[in-house]
Amino acid sequence: MKDRFALKAPEGKICWQVLQQNMSQRCNFCPVSKLLRDPSSNKTIHWEEVNSKTGRIYENHDSLINWFDGSIVHLQQSIDITDSKKAFHDACFDELTNTLTRRAGKELLEKLIKAAHQNCHGFITCMFDINSLKQVNDNYGHSEGDKLIITICQTLKKYLGSGDIFFRLSGDEFIVVFTEHSLQNVKEYLQKVLIELKNSAQKNALPYEPSFTYGLLEVQSTSNYSLTDILNRVDEKMYEQKRSYHILKRQQDAGLQKQSDPSEKKQFFLSGRISLRCFS
């Protein structure tokens with residue numbers, strides 16, 4: 001502790017005087033007041049703290065104990081978990097997008113499937129594929145391709161809730177699991193993301209348009225789907241629209257697209273007009 005906090009003689013000092021930065025009283029996150037509400041309960045409070053003095057992450061275990069003279073004292077055991085936290089993050093999160101890795105995401109989705117059966121609560125799975133990533137890499141370099149991936153992921157994250165799951169399935173394919181939204185809500189969120197990406201590209205005069213094609217699958221609590229079933233079904237739905245996207249793109253490039261309502265074309269390109277079915 002003396003080495004980590006650069007202390008010479010901390011003995012007898014109050015904790016917040018030597019273990020925190022610029023504190024003039026007990027820390028507002030200190031659990032002592034909670035413990036004192038029932039000092040005879042032998043309760044231990046476990047919590048994590050980013051220390052204001054060292055910037056390190058500590059796992060704290062606080063309790064009240066009877067001291068030798070009969071008084072009640074506060075005991076805190078702190079374990080520096082910074083390195084293990086970083087190792088866990090590196091193992092579970094994709095370095096480029098800061099979304100979950102394929103393995104970590106699939107493990108969470110597996111748990112969600114089991115919880116859905118137990119709690120009678122369904123969810124919606126989305127698979128999306130970034131359009132024209134190869135062309136961006138070929139024409140403007142891989143750093144620009146990485147920027148495209150990051151931009152799409154960051155924009156989509158704005159619309160996710162705390163219980164949603166977002167992971168990178170492969171290079172340009174991602175899975176988003178919406179746990180608290182209706183199918184209509186999800187479609188509206190994805191529409192907003194695509195519009196925001198389009199507007200941002202125009203504002204920044206990008207030579208390409210950031211966009212993606214997606215498929216949606218509603219998984220009800222009574223659905224008897226395995227993890228593999230879900231990924232296969234939502235993959236099929238996404239690629240149905242991927243084929244439609246490429247057909248339309250080729251027609252546009254060749255100048256052969258039939259005349260129709262321009263607003264309808266725009267709506268088709270943005271939303272993908274996914275055909276949905278509920279499986280049970």
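In which loop is the place of Asp94? In this predicted model, Asp94 is located in the loop that runs between α4 (82-92) and α5 (102-119). Asp94 counts as buried because its relative accessible area is 17%, and buried residues are those under 20%. When residues up to four places away in sequence are left out, Asp94 touches Thr99, Leu100, Thr101 and Arg168. With one of these residues, Arg168, the contact involves the side chains, since a polar contact of 3.1 Å joins the side chain of Asp94 to that of Arg168.

The protein as a whole contains 10 helices and seven strands. Of its 280 residues, 38% count as buried. Among the contacts with a separation of 6 or more, 59% are accounted for by residues that lie 24 or more positions apart.

Helix α7, which comprises residues 142-157, offers a check on helix geometry. At 1.5 Å a residue, its 16 residues should span 22 Å, and the C-alpha atoms at its two ends are indeed 22 Å apart, so the expected and the computed values agree. The buried residues of α7 are Glu144, Gly145, Leu148, Ile149, Ile152, Cys153, Thr155 and Leu156. The elements that cover these buried residues include the strands β4 (123-130), β5 (165-168), β6 (173-178) and β7 (212-219), together with the helices α6 (133-140) and α8 (183-203).

Two residues that are not glycines nevertheless have a positive phi. The first to be described here is Asn22, whose phi is about 55°, and which is found in the loop between α2 and α3 (32-36). Asn22 is classed as exposed because its relative accessible area is 72%, whereas exposed residues are those over 50%. The other is Ser132, with a phi of about 60°, whose place is in the loop between β4 and α6. Ser132 has a relative accessible area of 27% and is therefore partly exposed.

The largest pocket of the model has a volume of about 710 Å³. It is lined by 24 residues, of which Cys15, Leu19, His74, Gln76 and Ser78 are the closest to its centre. Two or more lining residues are given by each of the helices α1 (2-5) and α2 (15-18) and by each of the strands β1 (44-50), β2 (57-66) and β3 (72-80). Of the contributing elements, β3 gives the most to this lining, with six residues. When the lining of the largest pocket is divided by class, 14 residues are nonpolar, six are polar and four are charged.

Enclosed spaces were also examined, and the count of cavities of 30 Å³ or more comes to two. The second largest cavity holds about 40 Å³ of space, and the residues that line it are Leu35, Asp38, Pro39, Ser41, Asn42, Lys43 and Leu64. By class, the lining of this second largest cavity has three nonpolar, two polar and two charged residues.

Terms used. Residues are numbered from 1 along each chain as its sequence is written. This is a predicted model: local features need pLDDT of at least 70, side-chain atom pairs count only at pLDDT 80 or more; totals for chains, interfaces and linings use all residues. Side-chain values use heavy atoms; hydrogens and water are left out. On a 1 Å grid over the protein atoms alone, a cavity is a set of points where a 1.4 Å probe fits but cannot get out, and a pocket is an open set with protein on both sides within 12 Å along at least five of seven lines; lining residues have an atom within 4 Å of a point. Grid points are joined across faces, edges and corners, and a volume is the space filled by probe spheres set on the points. Helices (H or I, at least four residues) and strands (E, at least two) are DSSP runs, numbered from the N terminus. Ala, Val, Leu, Ile, Met, Phe, Trp, Tyr, Cys and Pro count as nonpolar, Asp, Glu, Lys and Arg as charged, and the others, Gly among them, as polar. The expected span of a helix is 1.5 Å times one less than its number of residues. Buried means under 20% relative accessible area, exposed over 50%, partly exposed in between (1.4 Å probe, protein chains only). Contact means heavy atoms within 4.5 Å. A polar contact is a pair of N or O atoms within 3.5 Å; within protein, one must be able to donate a hydrogen and the other to accept it, and residues adjacent in sequence count only if both atoms are side-chain atoms.
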